[in-house]
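Trainee: Please take one part of this model and look at it closely. I would like the charged side-chain pairs, with their setting in the fold.

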Amino acid sequence: MRSSVITVALGAAGALLLAACGGSTSPYGGGGGGCTPTTTRICTTASLQFSPATLTVAAGTTVTWENGGGGAHTVTSATGSADTYDLALAAGTVSHQFMTAGTYNFYCKNHGVNGTPPTGMHGTITVQP
C-alpha cells in the first residue's frame, strides 16, 4: 500500500513538472535553455529550429539571436537575402541591425541548407519601412 502511494505521488509530480516545462507564455513560441523569444529576440531550440521562425520588425531594429538549444549554430544570410551576414552562434547571443526594408532569409550552416528559401534550420525576418 505504501509503495502504491509513493508511486502515485511521484507520477503526479512528474506530470506536473512536464506540464510546467512545456508551457511557454511568450506569444512567439517557446525557446530553449531558458531563452524566451520576443519581438526582437530569436532563440535556437534543441529541436534545431529558430523560434520564432518568422519575425517582422521596423527598419533600424537590432535583432538578437540567442543559443537556447545548445550546440554550435550560425545565423547566415541566404541567397537572395536583402543583406549579407554570417554570425557564429556557438553560445550566448549575436545581433544584427536591419537598416533597410526588405525580406531577410537566414539559416544555420550546420543544420540547414542555403536556398531561396533555405531549408532545414532557417527563418525569415521582414523589415518594414
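**Salt bridges and their setting**

Mentor: Start with the frame. The protein has one helix and nine strands. In sequence order the pattern runs α-β-β-β-β-β-β-β-β-β. This is a predicted model, so confidence comes before detail.

The mean pLDDT of the protein is 81. A score of at least 70 is reached by 74% of the residues. Strand β3 has the highest confidence, at 98. Helix α1, residues 2-22, has the lowest, with a mean of 39. Residues 3-29 have pLDDT below 50. In the model, that stretch has eleven contacts beyond near neighbours in sequence. Low pLDDT means that predicted coordinates should not be read in detail.

Now the charged pairs. How many salt bridges are there? The count is two, with 4 Å as the cut-off between a Lys or Arg side-chain nitrogen and an Asp or Glu carboxyl oxygen.

Take Arg-41 and Glu-66. Their side chains form a salt bridge, with N to O at 2.7 Å. Arg-41 sits in strand β1, residues 41-44, and Glu-66 in strand β4, residues 61-66. The pair therefore ties together parts that lie 25 residues apart in sequence. Buried or exposed? Neither label fits: Arg-41 is partly exposed at 25% relative accessible area, and Glu-66 is partly exposed at 21%. Buried would need a value under 20%.

Next, Lys-109 and Asp-86. These side chains also meet in a salt bridge, at 2.8 Å from N to O. Lys-109 belongs to strand β8, residues 102-113, and Asp-86 to strand β6, residues 86-89. This pair links distant parts of the chain, 23 residues apart. Lys-109 is partly exposed, at 43% relative accessible area. Asp-86 is partly exposed too, at 45%.

Stay with that second pair, and bring in Thr-74. Thr-74 lies in strand β5, residues 73-77. With 10% relative accessibility, Thr-74 is buried, because the limit for that label is under 20%. The Thr-74 side chain reaches the backbone nitrogen of Lys-109 at 2.7 Å. Thr-74 also makes a side-chain to side-chain polar contact with Thr-76, at 3.0 Å. Leaving out residues up to four places away in sequence, Thr-74 touches both Asp-86 and Lys-109. Its other partners on that basis are Phe-50, Leu-87, Leu-89, Tyr-107, Cys-108 and Asn-110.

Strand β8 also holds Val-113. Val-113 touches Tyr-107, Pro-118 and Thr-119, again not counting residues up to four places away in sequence. From Val-113 to Ala-78 the C-alpha to C-alpha distance is 8.8 Å, across 35 residues of sequence.

Then the nonpolar side of the fold. The largest nonpolar core has 18 residues. Trp-65, Val-75 and Ile-125 have the most contacts inside it. The elements giving this core two or more residues are β3 (54-58), β4, β6, β7 (93-98), β8 and β9 (119-128). Strand β4 holds Glu-66 of one salt bridge. Strands β8 and β6 hold Lys-109 and Asp-86 of the other.

Last, some totals. Buried residues make up 35% of the 129 residues. Among contacts with a separation of 6 or more, 49% join residues 24 or more positions apart. The accessible surface is about 6,900 Å², and carbon and sulfur atoms account for 59% of it.

Terms used
Residues numbered from 1 in each chain as written. Predicted model: local features only at pLDDT ≥ 70, side-chain atom pairs only at ≥ 80, totals over all residues. Heavy atoms only, no water. Helix = DSSP H or I, 4+ residues; strand = E, 2+ residues; numbered from the N terminus. Buried < 20%, exposed > 50% of the residue type's maximum accessible area, 1.4 Å probe, protein only. Core = buried A, V, L, I, M, F, W, Y, C linked by side-chain atoms within 4.5 Å. pLDDT = per-residue confidence, 0-100. Contact = heavy atoms within 4.5 Å. Polar contact = N/O pair within 3.5 Å; in protein donor to acceptor, adjacent residues only side chain to side chain. Areas by Shrake-Rupley, 256 points an atom, 1.4 Å probe, with all protein chains shown as cover.
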